[in-house]
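This briefing is meant to be read with the model open alongside. It takes up charged pairs, helix packing, a loop proline and the cysteines in turn.

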Amino acid sequence: MKRAFSRPTAVLLLAAMLLFPVGCRRGADVCDILSAALASQTEVPTGTVYSSRAEAGVPDALDSDLAAVLWGNGAPHPAYGLTNSAAIYLTVRELPFEMAVLECASTDSASDVALMCCERADLLSRTYGGGKAAFSVMIYGRYVVAVMCADNEAAQKAAADVIGKG
């Protein structure tokens, strides 16, 4: 009986079948994750979503200048360079409400990005008087979700649900 495939060909086909779904699986979009976190809240103050995927020059672009203000001290934080994309919701008025989702280049870099978000949390905690505004920073694989809102737990759960489906 004649074999249809040689052993090396069969091994290559098997490897391709195993790698294809992993290579094609697309992660969740940071704006979709942020939208879910925002939707989990009963009340969201007026604000704007800024995205690193927005075209440069548009008002809602999360560019290096805005990143420097949010996560840096005049220049973007070095950990911000470890992200592939980011989205953040900022209120129009100064209120203890903020949400950010950052997709990291790898799971290894997520802890550095989370620490960057913790530095932001410390700043906001001082701004809003510590106990009044709780900040939550969580890592979900390659994603870091940082929230300060009325129901941090609901926001984190909503974000995790979208990430899990990505």
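Which side chain meets that of Arg142 in a salt bridge? In this predicted model, the partner of Arg142 is Glu103, with N and O 2.9 Å apart. The pair links distant parts of the chain, since Arg142 sits in the loop between strand S4 (136-140) and strand S5 (143-148) whereas Glu103 belongs to strand S3, 39 residues away. Salt bridges with shared partners join these two residues with Asp29 and Arg53 into one network.

**The salt-bridge network**

- A search of the whole structure finds five salt bridges, and one of them joins Asp29 to Arg53, whose closest N and O atoms are 2.7 Å apart.
- That pair also links distant parts of the chain, with Asp29 in the loop between helix H1 (7-24) and helix H2 (30-39) and Arg53 in the loop between S1 and H3, a separation of 24 residues.
- Arg53 forms a salt bridge with Glu103 as well, at 3.4 Å from N to O, and here the two partners, one in the loop between S1 and H3 and the other in strand S3, are 50 residues apart.
- The two acidic members count as buried, Asp29 at 15% relative accessibility and Glu103 at 8%, because each value falls under the 20% cut-off.
- The two arginines are each classed as partly exposed, Arg53 with a relative accessibility of 47% and Arg142 with one of 26%.

**Helix H3 and its surroundings**

- Helix H3 spans residues 64-71, and its buried residues are Leu66, Ala67, Ala68, Leu70 and Trp71.
- These buried residues pack against three strands and a helix, namely strand S1 (47-51), strand S2 (83-91), strand S3 (98-104) and helix H4 (107-127).
- H3 and H4 pack at an angle of about 65 degrees, and their axes lie 9 Å apart.
- On the H3 side the contact is made by Val69, Leu70 and Trp71, and on the H4 side by Met116, Cys117 and Arg120.
- The residues of this contact between H3 and H4 divide into five nonpolar, no polar and one charged.
- Leu70 and Trp71 thus appear both among the buried residues of H3 and in the contact with H4.

**Pro59 in the loop between S1 and H3**

- Pro59 lies in the loop between S1 and H3, the loop that also holds Arg53.
- With a relative accessible area of 77%, Pro59 is exposed, whereas Arg53 is partly exposed.
- The C-alpha atom of Pro59 is separated by 9.6 Å from that of Thr48, a residue eleven positions away along the chain.

**Cysteines**

- How many disulfides does the model contain? The count comes to zero, and Cys104 in particular is in no disulfide, the nearest cysteine sulfur being that of Cys117 at a distance of 8.1 Å.
- Cys104 is buried, with a relative accessible area of 0%.
- Why is Cys118 without a bond to Cys117? The sulfur of Cys118 is 7.2 Å from that of Cys117, its closest cysteine sulfur, and therefore too far for a bond, given that a disulfide requires the two sulfur atoms to be within 2.5 Å.
- Cys118 counts as partly exposed, at 32% relative accessibility, while Cys117, the nearest cysteine by sulfur distance to Cys104 and to Cys118, is one of the H4 residues in contact with H3.

Note on methods: Residues are numbered from 1 along each chain as its sequence is written. This is a predicted model: local features need pLDDT of at least 70, side-chain atom pairs count only at pLDDT 80 or more; totals for chains, interfaces and linings use all residues. Side-chain values use heavy atoms; hydrogens and water are left out. Buried means under 20% relative accessible area, exposed over 50%, partly exposed in between (1.4 Å probe, protein chains only). Helices (H or I, at least four residues) and strands (E, at least two) are DSSP runs, numbered from the N terminus. Contact means heavy atoms within 4.5 Å. A salt bridge is a side-chain nitrogen of Lys or Arg within 4 Å of a carboxyl oxygen of Asp or Glu. Axes are lines fitted to C-alpha atoms, for helices over the stretch in contact, and angles run from 0 to 180 degrees between N-to-C directions. Ala, Val, Leu, Ile, Met, Phe, Trp, Tyr, Cys and Pro count as nonpolar, Asp, Glu, Lys and Arg as charged, and the others, Gly among them, as polar.
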